[in-house]
Amino acid sequence: KSLSLICGALSWLRDWEEKKRQEEARLLRGLSPAEPAHAGSTDTAGEPDWVTAFVQRKEERDKVDRLKEEQVRRKKREDRLEKIRNNVQLKYAAKRKRSEEDETKRLLQLSKEALSQGAGEDVLDQLDHNEEELILAEYESDEEKKVVSGLEEDDDDLEEEHVTKIYYCSRTHSQLSQFVHEVQKSPFGKDTRLVSLGSRQNLCVNEEVRHLGALQLINDRCMEMQKNKHEKKSDEENEGKKRRVSRAVCPFYSYEQMQFLRDEVLVEVKDIEQLVSLGRQTKACPYYGSRYAIPAAQLVVLPYQMLLHEPTRSAAGIKLKDQVVIIDEAHNLIDTITCIHSAEVSGSQLCCAHSQLSQYMERYRKRLKAKNLMYIKQILYLLERFVAMLGGNVNQNPACQTVSQTGTVLKSINDFLFQSQIDNINLFKVQRYCEKSLISRKLFGFMERYGGSATAVKNNKENQKLAGLQNFLLTLQQGSDKEGDPPVEAENDQLRAASPLMQIEGFLSALTNANQDGRVILNRQGTVGQSSLKFLLLNPAVHFAKVVKECRAVIIAGGTMQPVADFREQLLSCAGVDPARVLEFSCGHVIPPENILPIILCNGPSNQQLEFTYQTRDLPQMMDETGRILCNLCNVIPGGVVCFFPSYEYEKQVYAHWEKTGLLTRLATKKKIFQEPKKANQVEQVLVEYAKCIKRCSQAGGQMTGALLLSVVGGKMSEGINFSDDLGRCVIMVGMPYPNIKSPELQEKMAWLDQTMPRAAGQAPSRVLIENLCMKAVNQSIGRAIRHQKDFASILLLDHRYARPAIFNKLPQWIRERTQVKPAFGSAFAELRKVRTPISYTV
């Protein structure tokens, strides 16, 4: 599906480029398609005809000049790429040059080490070794200068304009790599300039940076090493006046080598793994080398989080003006945009960040400039007020501070700022300071040096006051390990992996949204450490509008997009898109109608009506009826059966009931039973064992005919997992997985929709939202069974409410057209018995 879509887009792109070149050729020959103004005519503004003719000729001359410059740049780029394709010796020459440069650098380093051995203890007044890099550089809040590089760069490369291109986005890097491999095999694979983009976490080849693990730490360390490289020249000039501690620079951040990598990327289609391998070979940064290739690329492949987040998009050099964007796997696009622009911080993170930052300021107070001290004090004040809003004090252990008034409170952004008494602080400037100064990275380095070992702090008399930081962190952990408190192992791991200030920076950035577009949720639970502040984005269209307005075309695609009303109303209409511009296309499935049997079952074997509402689904007779249905189906369906429950809690409850009544033993005689684990790292192991059991049963025969997998809607196995062939001969949906309507976030979203959206077909927008969330989850889950043209499966929806027209019409078209509504279990079971073997299907 994705490949056919992109092949069509590439064909359009080739035709459009050819038409554009023909148009350019006509203009350059002086044959403008526009008719000259007639003599004696007057334009609408009342200008004489000779003025109009002069202006028109000038515009045409300017356009011709621009076309000539563009042709020169295009010819230069094509010649360079063709030279790389055909001249293999050029690669060996570049490799030999890199080896010579490495040898020269090694000799210079040995010389410096030899000279430094005679220096003895003659060291000027400075901090501990390598501690200089923990000091914040002088900061100018209103400075908007670009970072000046000491490298000689080609002006043509810097000014290279973006050609018309296609941005193809999907959810994960594995999906993008699969897509790139299909492009490589397609007719466009050899002559398409394709670039794969990713995060530093995926593309970095510097092992010193990669071992940091956390994405934010990798980003900050990379930016700091670049800054060190830019400041290297000025440091060398001042070396005679004051000896400075050498700062680490990235050996892969070489402009010349990154330009070479850029050309290699444009010559041949490469996925991310191949790009990283090429970066190691050429000793060039794949992250920046791939970004340099964006202007000349025809197809850019990237995760859609990178395209949907404007700061990330801008930093990567992505320009959407008049370009084509394809967003694949877009069924959760609204949730993705909401998640990207939301943020949450816990009380323990706020207190920990305040403690770290306070002691950092005390340690380096005499070395920090006035602007840095001012902003640090502002951040400390913000942290104090945030903790106060949770009912605590930053100077006390958050795990030991009990919250007097527990519960969840939602506030508008302005109300939160006023009540927390921070409305007089310019959050835009504070957020920009955090981003530009890399304060979170400096603080993390400070913690690495003094926070991880109390002995390292106490060895220096000047640093004994920092021992309090270690004691504070220990009391945090000890206070949280008391009986009755939830385990904080995961949170402690997070604190060790990254500075909590990084999370807080995201929360500060979220508070700069418009007041009507979001809410702040104060979640007070037990202690201050367990409480949290969360920003919830209500209007995702405000961020998606910038993408829609700039692009020539936006294609939102997916295998299961039903229902699509959310996309039209919450994304496109709110973004100001003209309804006439929105075109909807839906097609059937590649499988023949005989290969799928969807059934809506209204009653069970004992004529018990199937209605799994919150009031009835916990009844013993309802759980017994569900067990009887599964027992009957497992007797006639070969291979694997996947049964989806609305939640982990309900699946666990039903499993315990079946175990108590003995029904689980009856099920186990035909199918080995597997349960979906909550932990993501255990999912792969369960799937492997599930597949092995089905394969073993199909080969050995006997009473055991396969396996039964009890899964959860919204879990790891309801999306992104392929239950193809014998892994999923039947998919069963138990009830309707409506979201928790008591959730404060969902209630606020519903209230916002009722206030801003019109009623549709007599239904309130909030009611439509609840139904759409439910059916999107259902459609994703039942779509796991049919994965290729020759696949076949049965789909069983256990709830009479699926037959209601409003719900039925939200099933995918290719399933809805073949769905049978069965009031009684007997007729449904008869249909399933007819198709119990693959021979009965048209394959």
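A charge is taken to sit over a ring if NZ of Lys or CZ of Arg is within 6 Å of the ring centre and within 35 degrees of the ring normal. The legends below describe close-up views of a predicted model.

**View 1. Two arginines have their charged ends placed over aromatic rings in this predicted model.** The charged end of R729 sits over the ring of F792, at 3.6 Å from the ring centre. In the other example, the charged end of R617 is found over the ring of Y650, and the distance to the centre of that ring is 4.7 Å.

**View 2. Strands β5, β8, β7 and β6, in that order, build an open sheet with antiparallel pairing.** The sheet has four strands, and β5 (343–346) and β6 (407–412) stand at its edges with a single partner strand each, so one side of each is left without a neighbour in the sheet. Averaged over neighbouring strands and with direction ignored, the turn of one strand against the next is 15°. Within this sheet, β7 (residues 518–525) and β8 (residues 527–537) are paired in the antiparallel sense over seven bridges, and R519 has L536 in β8 as its bridge partner.

**View 3. Y253, Y287 and Y288 are linked by ring pairs into a cluster.** A search of the whole structure gives 14 aromatic pairs. The ring centres of Y253 and Y288 lie 5.2 Å apart and the ring planes meet at 75°, so this pair is classed as edge-to-face. The pair connects distant parts of the chain, since Y253 belongs to the loop between α8 (215–237) and α9 (255–267), whereas Y288 belongs to helix α11 (residues 286–292), with 35 residues separating the two. Both Y253 and Y288 are buried.

**View 4. An open sheet of seven strands, with parallel pairing, follows the order β12-β13-β11-β14-β15-β10-β16.** Strands β12 (671–675) and β16 (820–822) form the edges, each of them pairing on one side only. Neighbouring strands of this sheet are turned against each other by 20° on average, when direction is ignored.

**View 5. Strands β11 and β14 run parallel and are joined by four bridges.** The strands concerned comprise residues 639–645 for β11 and residues 730–734 for β14, and V641 stands opposite C730 in β14. Helix α29 (residues 683–700) packs on the sheet, where the helix touches β11, β12 and β13 (706–712), and the direction of α29 makes about 155° with that of β13.

Conventions:
Residues are numbered from 1 along each chain as its sequence is written. This is a predicted model: local features need pLDDT of at least 70, side-chain atom pairs count only at pLDDT 80 or more; totals for chains, interfaces and linings use all residues. Side-chain values use heavy atoms; hydrogens and water are left out. Two strands pair if DSSP finds at least two bridges between them. Axes are lines fitted to C-alpha atoms, for helices over the stretch in contact, and angles run from 0 to 180 degrees between N-to-C directions. Rings of Phe, Tyr and Trp (its six-membered ring) pair if their centres lie within 6.5 Å; planes under 30 degrees apart count as stacked, over 60 as edge-to-face and the rest as tilted. Buried means under 20% relative accessible area, exposed over 50%, partly exposed in between (1.4 Å probe, protein chains only). Contact means heavy atoms within 4.5 Å.
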